[in-house]
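Open the structure in your viewer and get ready to select a few pieces one by one. Each stop tells you what to pick and what is there.

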Amino acid sequence: MKHRVLVAGGYGLVGGWIVRHLRAAGHDIDLVIGGRRPDNAIALAKECDADVVQFDSDDAAAGLAAAGPVDLVIAALQDPDDKVLQASLRAGAAHIGIVRKADTVGRTAMAAADLAQRPALIMGHWQAGVTTFAALAATREFAHVDQIALAALFDTADPIGPMTSSDSGGFFTRALIRRGGHWAEIEQSENVRTVDRGGPPVFAAQPMGVLDIPALAAVTDAADIRFDIGMGDSLGTLAGSSPSHDIYIDLRGRAYDGTSVARRTVVSDPRGQAHLTALGVLIGAERVLGLDGAAPPRAGVVFPEAAIDPVHALNRLRTFGVAVTTSPLPATDV
C-alpha cells in the first residue's frame, strides 16, 4: 500500500529536513508539502518529488482538503490550539506533533484520545524522542536506574527555524523534574548545574520541562530525573567543523550483579539540531505507518517511548551519520 504524507510547515528548517529524510529513506510514498507560502516550497518539492499545497494552521481543514486524502500529517509548525491535530484526526489521518512540553501536553492528549481514528504520536520530547531513545537503550545494562541526568548543548552557530524560535519562549519557565521519587517544579535560574564533558570545556545548563522526564519516569521508575539545556561550543565546533547538536545522558544505578554502575551516552549530530529533530520524526513516521516492518500502533494517543524500540531507533540514527557512544561517566561526575 502506498502512503501519502503531508508535512505541514514542510519548507521550514525542520520541516525541510523531514521531507528530505522521508524521501532519502527510500520508501514508496507520496509527499505533500504544506505551508502559508507555497512558492517557498517549489525548489524543495522539485528536489524531493513532492506536491505543494496552501496550508494555514488557522484553517487546517481547507489545507487538508487541498492535499486530498492523506495517511499521515506531520505538524512541523506551531499548533498551540491543536487545530492541525484536530483537523487531521477528524479527516481520518494519523498525526505526529513535535512541539508539546510537559506543561502543555494534557489538552493535546485529551483531544487526540477523543478524535483519533489512527495513531496520534506525540513527540514533544527533546529532538522528537531521540534523547529518550538513547536513554532507554542505555538502561538495558542496568537492573535498576536510580538517577537520570539529561543535558543538551546548543551551539549558537547552529541555525534554528521559526518553529523552534517560537517554541523557545516556553523553554524558560518553571521546570518539571523528578526528585526523590516525587514530582517538583523548580525555578530555572536557581537550579543551574555544570555539565562536565570529560575533556571539552564544561558548560552551565538550566532545567527545562520536556516530555522526556515523565516518559523516562514511567518506563524506568528512576527516583531522580532532570533535563537541562545549555549553550557553548559543540563537539563539531571544537573539532573545527560545522556545529553539532550534542546530548549527554548520564545514568546511575545498579548492574545485574548488584554493583553500582554509572554510564554516559553521548548523541552528537554533526548536522545540527534541526537535522536531528527531523530524524526523530522520520523514525516516528516509519513506526506510525508500519514502514519499519512492524504493524502500526493502535489508534489513539501514542508516545514514542511505548511504541518505538530504542535500539532500532539508535541504529536508524547511525545510518544518517549521527554518533552515539557510551562510556563510564567522567570521574568528577561519578
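The tour visits a helix, its partner and then a loop. Keep in mind that this is a predicted model.

**Stop 1: helix H10.** Start by selecting residues 273–289, which form helix H10. This helix has 17 residues and spans 24 Å from its first C-alpha to its last, close to the 24 Å expected at 1.5 Å a residue. Is H10 mostly covered or mostly open? It is mostly covered, with 17 of its 17 residues buried. Now step just past the end of the helix: H10 is followed by glycine 290, which has a positive phi near 75°.

**Stop 2: helix H12.** Add residues 310–319, helix H12, to your selection. The axes of H10 and H12 come within 10 Å and cross at roughly 130°. That angle is in neither the parallel, antiparallel nor perpendicular range, so H10 counts as oblique to H12. Their crossing is right-handed.

**Stop 3: where the two helices meet.** Show side chains for Leu276, Leu279, Leu282, Ile283 and Glu286 in H10. They meet Ala313, Arg316 and Leu317 in H12. Of the residues in this contact, six are nonpolar, none is polar and two are charged. As you look along a helix, remember that an α-helix has 3.6 residues a turn, so residues three or four places apart point the same way.

**Stop 4: a loop.** Next, select glutamate 190, in the loop between strand S9 (182–186) and strand S10 (193–195). Glutamate 190 counts as exposed because its relative accessibility is 64%, and the cut-off for exposed is over 50%. Finally, pick leucine 77 as well: glutamate 190 and leucine 77 are 113 residues apart in sequence and 31 Å apart in space, C-alpha to C-alpha.

Definitions and conventions
Residues are numbered from 1 along each chain as its sequence is written. This is a predicted model: local features need pLDDT of at least 70, side-chain atom pairs count only at pLDDT 80 or more; totals for chains, interfaces and linings use all residues. Side-chain values use heavy atoms; hydrogens and water are left out. Axes are lines fitted to C-alpha atoms, for helices over the stretch in contact, and angles run from 0 to 180 degrees between N-to-C directions. Helices (H or I, at least four residues) and strands (E, at least two) are DSSP runs, numbered from the N terminus. Angles under 35 degrees count as roughly parallel, over 145 as roughly antiparallel, 65 to 115 as roughly perpendicular and the rest as oblique. A crossing is left-handed if the near helix is turned anticlockwise from the far one by less than a right angle, and right-handed if clockwise. Contact means heavy atoms within 4.5 Å. Ala, Val, Leu, Ile, Met, Phe, Trp, Tyr, Cys and Pro count as nonpolar, Asp, Glu, Lys and Arg as charged, and the others, Gly among them, as polar. The expected span of a helix is 1.5 Å times one less than its number of residues. Buried means under 20% relative accessible area, exposed over 50%, partly exposed in between (1.4 Å probe, protein chains only).
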